[in-house]
Amino acid sequence: QDDGFAKRHIGTIQHNYARSAYFDEYFSNFRDALQASARTGRLSEVNVQMLHHLSEALGLETPVILASAISTANSRTGRLAELCASVQATTYVSPQG
């Protein structure tokens, strides 16, 4: 796959944040995660890997379950309700818009 995506974003992040506190501590792992996920050519994979990377860096232990990993039979609204029920969700927060 084209690794130009990763190179451009890594370069931009490095240029803009290299002098920031903790940059050296976190950047190499972030770069590696971005490069590896970008090779798949799938933006969804980049998003998932970045979420895992940031969760780990922040010490978060909340499990991440992809909706695609949960089998449902309903349409849009029904699917959402079914996904929430499958993980015993008691609250759903919906963004505006």
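Which residues form a nonpolar patch on the surface, with about 230 Å² of accessible area together? They are L51, V64 and L66, where a patch is made of residues with over 30% relative accessible area and no salt bridge (a side-chain nitrogen of Lys or Arg within 4 Å of a carboxyl oxygen of Asp or Glu), nonpolar side chains (Val, Leu, Ile, Met, Phe, Trp, Tyr) being joined within 5 Å and like charges within 9 Å. Accessible areas come from the Shrake-Rupley method with a 1.4 Å probe, and for residues only the protein chains shown count as cover.

This is a predicted model, in which local features need pLDDT of at least 70 and side-chain atom pairs count only at pLDDT 80 or more, while totals for chains, interfaces and linings use all residues. Residues are numbered from 1 along each chain as its sequence is written, and side-chain values use heavy atoms, with hydrogens and water left out.

The protein chain has four helices and zero strands, helices being DSSP runs of H or I with at least four residues and strands runs of E with at least two, numbered from the N terminus. The radius of gyration of the protein chain, taken over C-alpha atoms, is 17 Å, well over the 13 Å that the globule rule (2.2 Å times the number of residues to the power 0.38) gives for 97 residues, so the chain is more spread out than a compact globule. Along its principal axes, the C-alpha trace spans about 45 × 30 × 25 Å. The protein chain exposes about 7,800 Å², of which carbon and sulfur atoms supply 52%, and buried residues (under 20% relative accessible area) make up 19% of the 97 residues.

Returning to the patch, L51 is found in helix α3, residues 43-57, and counts as partly exposed because its relative accessibility is 42%, between the limit for buried and the limit of over 50% for exposed. In the same helix, α3, V46, V48, M50, H53 and S55 are buried, and what covers the buried residues of α3 includes α1 (4-17) and α2 (23-38). The 15 residues of α3 should span 21 Å at 1.5 Å a residue, the expected span being 1.5 Å times one less than the number of residues, and the end C-alpha atoms of α3 are 21 Å apart, which agrees. After α3 comes G59, whose phi is positive, near 75°.

Helix α1 also holds T12, which is partly exposed, with a relative accessible area of 45%. T12 and E56 lie 44 residues apart in sequence and 23 Å apart in space, C-alpha to C-alpha.

How values were computed. Buried < 20%, exposed > 50% of the residue type's maximum accessible area, 1.4 Å probe, protein only. Contact = heavy atoms within 4.5 Å.
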